Amino acid sequence: MTESIAAPTREVDGDAGDAGGVEGHPERRVDAPEACATAPIEVEIYHGNLAFVQAPVALGHYEQDVIVGSEATLDRLLDGRLSQRWKLGRYPGPVGTVELVLSRATDGLEFGGAIIFGLGKVGSLTPSSLVESFRQAAVDYCIHLVEKDSSRAAEAIEATLAVPLIGSGDQGVSIEESLLALLEATTIANRTLSLEDLGREVRIAKLQFVELFLDRAVEAAQVVVDLSSDATRAHGFEFSGEVGRLAGGLWRVLRAREQSWWRRLQVRTAEDGELQFSDLSSRAGAREHPVATQSRLIQGLKEELLGLGGHAMPAHPREVSLAATLYELLVPNGFKKFGPKRSNLLLLMDEEAACLPWELLRDERPRFSATASEPFASRPECVLDIEALRPVAVRTGLVRQLTGSEIRQNVTSASGNEALVVGDPENGHRPLPAARGEARRVEELLSSKSFKVTCSVGASSTQVMQDLLARPYRVVHLAGHGSLGQSPPDAPADPSNDTDSNSSQPPQRTGMVLGNGSFLTAGELEQMETVPELVFVNCCHLGSMDGGPDSEEAQPSGRLASSFALQLIRIGVRAVIAAAWKVDDEAAKAFATQFYEQMLDGRPFGDAVLRARRMTFEEYPESNTWGAYQAYGDPHFLLRLPRYLGQLPAMPEHFVDKREVIAELNNVVSMAATTSERRIRALLARLKRLRELVHDRWLKLSSVQVAFAEAYRELDRIEEAIECYSTALEIDKSTIQIRSLEQRCGLLASLALRRWRDPLDKSFGAREASAQIEDCMRMVWDLPRTDGRHHEDDRLMTRERLALVASMYKRLALLTNSEQRTERVFQATEFYAKAHHLHQARNRTTALYPYAQYLTCRAVCNLRGDADLEPGFADDIANLRDLLKARRRRDPSFWSLVRQAEVDWLESLGVGSLEEVLERVVRLLTAGWKRAGTLRQARALYEHLCWLETMIEPPARHGHTALNEHRVSTHEALTTLRVEFEKMVGSEVGDTSWNGFSSAGGQNFPRPEDSRLGSATL
């Protein structure tokens, strides 16, 4: 286990295709007097993915939250140990709770593990609570280091922690506040350890701040630079002044477009009915602002407002005026500025405040040219300012959270891809065809994203209950009649009811109306062993249930939404949407459709609700259906998608600059190269959508075509990549980098091998494939030097081109007979050697890829009996092992871990036994694949194994010499290794094997019948 890492150092080999990283080693040890609490903390800031740091990663976790995002990545790297603790109820949540989940020596990963600490309830994070939370995490980790290491003697441990900027941008904590809080917490932790006489033994010496997006990393670095100029704080830390690089970092042109920051306003009701407002996001403190309200007056205005619009009647000037009046009466003057500023609002409210229709409030009164009281929609002479008519909840995000509610403990949220949709069950009331249509539409949307949907439309009450309790649903959608405190038909009186001493009342029910006098209430949902993450309650229609729409009992109310939502939140549902009154059928369907489309597109809950409200308001202005839906939960909640559709950052809907497009394509490359959830299909869909959004004139730019080509290449779609590279060449060859031309040549050679392997392409045999690869080789020879000039004696003098030519000779070896095969392997060996020696001479470092391939080809020639191993092969293997050890500490990527396994089988090819190290090799390959393997990388490794298997296959007749016996055993072990790798990758991508990729036909080489796996990259 690696407890800390050192600062970034120069690349060992300078491989162009390798991501940079940070070098790791066991925690530093210094003389005890130097490890004092007053020593400055070393600060490093990195742009990249947390999966590629080697120090333990400290992450905050909110109460009742699930494991998503960065936590899910760390959970996968730790073999599900975070999820295991979460299910056992041992996961942090409250401030001060900490859980250490550190890597074990058997993990095979250069990764320190995770330190999870509680952040309290969602929406309650402040800089001071962040200080206390992180301080406790740092202290607990330091105590662990001291207790686990009894050999420290007089030396002190200088530990390192990696951490993102917790809470910045989404919980009302700025980047500066987050940085200061984490630095202050670390300083206090070191001081605390010193006071307890542990400061001479251990301290947190280094903090590594890791941000996924470059703009945030740069902003954080600028903040640290500014802080370092403050004499009162500069002594507390040291910063190099530069942003480091890790693999997996993303880019964006504009961050301000994100709906990420939500202002938290608390609204509570005092005993006298007075509303108390507090701005919890204010840096000046959460001073309360009381509003003296007359409950009867407010209730009358609310009922009149809902009466005008609550039955989906056309919009009315008086309705607009009432909404503006309520806004003036309810909102303190100091808070009215948030409406015009369009700040996203997260309202933390008690149950009484939740009954008010906050979504309908308008902060401006539109002016009309007529004063008639009839609906203005029927009066063409009425003129109004449309923008002024927009309510606050349509202009900006508005999400609710309930305070003071007891939440069910040890909630187990569903984690699969099951969804339940209930539409208009049999209940004795009038049918609701619109509810059935809505249910079918929601089923269609969820199914399109690989959810397994159970759809109960028009079902009986018993069938609905059977479906409800049959599976662990992540999403539950209810569309039908609703009941607020209603008695079932012919319900017997409840003698235990003591609401009236003179009479007993029948039991009251709040929920979805089912048949036979039964209801679907929160109580039934609570009986589910696993609680849904998202519940959408589209059960309104109260006006048509008892006595018709004009009856006194049918007056609309917000209590169905607030009370049912309250019960759902109490049982642990993370996000709830409930309709507070009767809605227009078509508008309701449109709202639900837009909401699910946005959530399934990867947008957060608050953003999806805002877009659904806005669209419904614009498309159906004749009703207030847009305002009937009350959204409860975390505005940043994301609906995690099933396998292959893992959550991706949201993509802009409109691009206004080509640099935005190029940045998005670069992010596709980055996500494909580092994704751990095999999201290839989602990324391909993203590319398709990008092509639809890009202006035609931008597609005529070579820079955009090259960016598309690199994205397709990383996603292993070589034909599309070649087409884009070729288009870029036709547009403007002079602007294309030499590296892109080299990649195009390599892809053309790969395509030739793919066509040869394709059993459906009968016209493309070994001769045609060889001719095309030789043409590609000539294209490489004809490429200009990096300075743009040609020279007969200095044409291929780059490491990349020499290695590219060597890989083409490897491919040609597959297409020739045995005698020519020997010559081709020798030629590959020669060019890999040239690439290795050239780089070594120019850079005084070793390029690992050509060096390892050169040694591999030497070992293959030896096993084939074509050449004896040269003296010093064992020394070369030992040298390669040392180089890889240094590399994987800096760059714990797929290739740095896989190459450890490559050294083992290289040694066995030469002088050892592959069977003896087979278990270790499989373990290393598994670790590399689990860390950050993509299908393109897996294919490259798989086809390299197949090439080895083909090259050393024993001839039909061979003597029983020691070399031949070694060749036979090694070939068998390679076959076993290839099959194990098939199983490993196949299980990750949802297949039991890579059908059609095992050695077949006379060619003894895999055939790509599975279109998901692309070209060879030998």
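Here are three short exercises on helices, each with a worked solution.

The model is predicted, so local features need pLDDT of at least 70 and side-chain atom pairs count only at pLDDT 80 or more, while totals for chains, interfaces and linings use all residues. Residues are numbered from 1 along each chain as its sequence is written, and side-chain values use heavy atoms, with hydrogens and water left out.

**Exercise 1.** Work out how H22 and H23 run relative to each other: roughly parallel or roughly antiparallel?

*Step 1.* Find the two helices (DSSP runs of H or I, at least four residues, numbered from the N terminus). H22 covers residues 738-757 and H23 covers residues 766-782.

*Step 2.* Look at the axes, which are lines fitted to C-alpha atoms over the stretch in contact, with angles from 0 to 180 degrees between N-to-C directions. These two come within 9 Å and cross at roughly 175°.

*Step 3.* Apply the cut-off: angles over 145 degrees count as roughly antiparallel. So H22 and H23 are roughly antiparallel to each other.

*Step 4.* Now see who touches whom, where contact means heavy atoms within 4.5 Å. From H22, the residues include Arg 744, Leu 748 and Trp 756, and they meet a group in H23 that includes Ala 769, Ile 773 and Met 779. Sorted by class, this contact has eleven nonpolar, one polar and one charged residues. (Ala, Val, Leu, Ile, Met, Phe, Trp, Tyr, Cys and Pro count as nonpolar, Asp, Glu, Lys and Arg as charged, and the others, Gly among them, as polar.)

**Exercise 2.** Check the span of H16 against what is expected, then decide whether H16 is mostly covered or mostly uncovered.

*Step 1.* H16 takes in residues 605-619, which is 15 residues.

*Step 2.* The expected span is 1.5 Å times one less than the number of residues. That gives 21 Å, and H16 reaches 21 Å from its first C-alpha to its last.

*Step 3.* Buried means under 20% relative accessible area (1.4 Å probe, protein chains only). Eleven of the 15 residues in H16 are buried, so this helix is mostly covered. Among them are Phe 605, Asp 607, Arg 613 and Phe 617.

**Exercise 3.** Place Val 139 in the structure and say which residues it touches.

*Step 1.* Val 139 sits in helix H3, residues 127-148.

*Step 2.* With a relative accessible area of 8%, Val 139 is buried.

*Step 3.* Leaving out residues up to four places away in sequence, Val 139 touches Ala 189 and Leu 193.

*Step 4.* Thr 186 is 47 residues from Val 139 in sequence, yet their C-alpha atoms are 8.6 Å apart in space.

Definitions and conventions:
Parallel < 35°, antiparallel > 145°, perpendicular 65-115°, else oblique. Buried < 20%, exposed > 50% of the residue type's maximum accessible area, 1.4 Å probe, protein only.
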